[in-house]
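Me: I have a structure to look at and do not know it yet. Could you take me through it step by step?

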Amino acid sequence: MKMCKLALAMILAAVTMLTSCLGDSDNSTTLSAIPGVYRYHNMTFMIETPYGYIYSSDLISNPKYTYLSEGDCVAVSFTYGSAVSGDSDTGKDYTTVQLNELVTLDSGNVSFSTDTATLKDKEFSMLEGAIFSSAYPTFAYLQSGVMFLTSGYNMLTKQESEFYLYFDPSQEPVADNAGNVYSIFLRAVATTEGKAPSTSVAQTVGYNVKNMINIINEREKAKSNSAFQLKINFVSDIEDSTIPVWKAVETKIPFEVTD
């Protein structure tokens, strides 16, 4: 079964700089901090991005990237265009790029859970569950089913955190003209507690939501619907140190139903 595709309106704003595929550009263009996943593809290692696979020989030959493992979430800055790849990408399902910078991103946990009333151990509230920006690549969805969300929170010095997405597969969606709305719940836990002072940060995390999207897609396909949406809820406050207070992100994420 094919997984759902994210509606084109929600693809990163940087896509406006691109043609139908990266390799079609005659000019050299640089994109920065694009979320992706390190994959073994076509008998070598590449990076799956929202625009398709990109390849650089540095992924194989440069010692500073030997720590990477299959499935690692990354943010990559690269330059593409005929000045980089020439005609070498003709007929291929990837684009050769000049790799400028690569950093790893955390991978979040996805759980089929209905418990949103119980506070997790060392859970903390967030300023924003998912940031959508026209200026920065804060959101992405890959065809393999990995979704990148950027969350804002106050981080204590030397704090380390872990993120969770909860999804109740038995929930009844809320009807909406743009497609039925399904709720998912984002939570954050301090795995290493920090100390004051704190700093407001925005952290991008990758979540493998393939199974979740497939479940929703099958339900909506059975209803002969063409689209659905995800609503992200996050813990915005904690009452009496025990009760999580939920808030919905204003922007909903649209998906197309696929066969």
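Reply: The turns below go from the overall make-up to one strand and then to the aromatic rings. Please note that this is a predicted model.

Me: Fine. How many helices and strands does the protein chain have?

Reply: The protein chain has three helices and 16 strands.

Me: And how much of the chain is buried?

Reply: Of its 259 residues, 46% count as buried. The accessible surface of the protein chain is about 12800 Å², and carbon and sulfur atoms account for 48% of that surface.

Me: What about contacts along the sequence: what share joins residues at least 24 apart?

Reply: The share is 75%, taken among contacts between residues at least 6 apart in sequence.

Me: Let us turn to strand S5. Where is it, and how many of its residues are buried?

Reply: Strand S5 covers residues 73–80, and eight of its eight residues are buried. Both faces are covered. Cys73, Ala75, Ser77 and Thr79 lie on one side, while Val74, Val76, Phe78 and Tyr80 lie on the other.

Me: Which strands pair with S5?

Reply: Strand S2, residues 29–41, pairs with S5 in the antiparallel sense over seven bridges. Strand S7, residues 98–107, also pairs with S5 in the antiparallel sense over seven bridges.

Me: Which residues stand opposite each other there?

Reply: Two examples may help. Pro35 stands opposite Ala75 in S5, and Cys73 has Leu105 in S7 as its bridge partner.

Me: New topic: how many aromatic pairs are there in the whole structure?

Reply: A search of the whole structure gives twelve aromatic pairs. One of them is formed by Phe228 and Phe255, whose ring centres are 5.3 Å apart.

Me: Why is that pair called stacked?

Reply: The planes of the Phe228 and Phe255 rings are at 5 degrees, so the pair is stacked; the cut-off for stacking is under 30 degrees.

Me: Where do the two residues sit in the chain?

Reply: Phe228 is in strand S14, residues 227–239, and Phe255 is in strand S16, residues 253–256. They are 27 residues apart, and the pair links distant parts of the chain.

Me: Are they buried or exposed?

Reply: Phe228 and Phe255 are both buried.

Me: Which residues are in a cluster with them?

Reply: Ring pairs join Phe228 and Phe255 with Tyr141 and Tyr182 into a cluster.

Me: One last thing: what sits over the ring of Tyr164?

Reply: The charged end of Lys120 does, at 4.3 Å from the centre of the Tyr164 ring.

How values were computed:
Residues are numbered from 1 along each chain as its sequence is written. This is a predicted model: local features need pLDDT of at least 70, side-chain atom pairs count only at pLDDT 80 or more; totals for chains, interfaces and linings use all residues. Side-chain values use heavy atoms; hydrogens and water are left out. Rings of Phe, Tyr and Trp (its six-membered ring) pair if their centres lie within 6.5 Å; planes under 30 degrees apart count as stacked, over 60 as edge-to-face and the rest as tilted. Helices (H or I, at least four residues) and strands (E, at least two) are DSSP runs, numbered from the N terminus. Buried means under 20% relative accessible area, exposed over 50%, partly exposed in between (1.4 Å probe, protein chains only). A charge sits over a ring if NZ of Lys or CZ of Arg is within 6 Å of the ring centre and within 35 degrees of the ring normal. Two strands pair if DSSP finds at least two bridges between them. Contact means heavy atoms within 4.5 Å. Accessible areas come from the Shrake-Rupley method with a 1.4 Å probe; for residues, only the protein chains shown count as cover.
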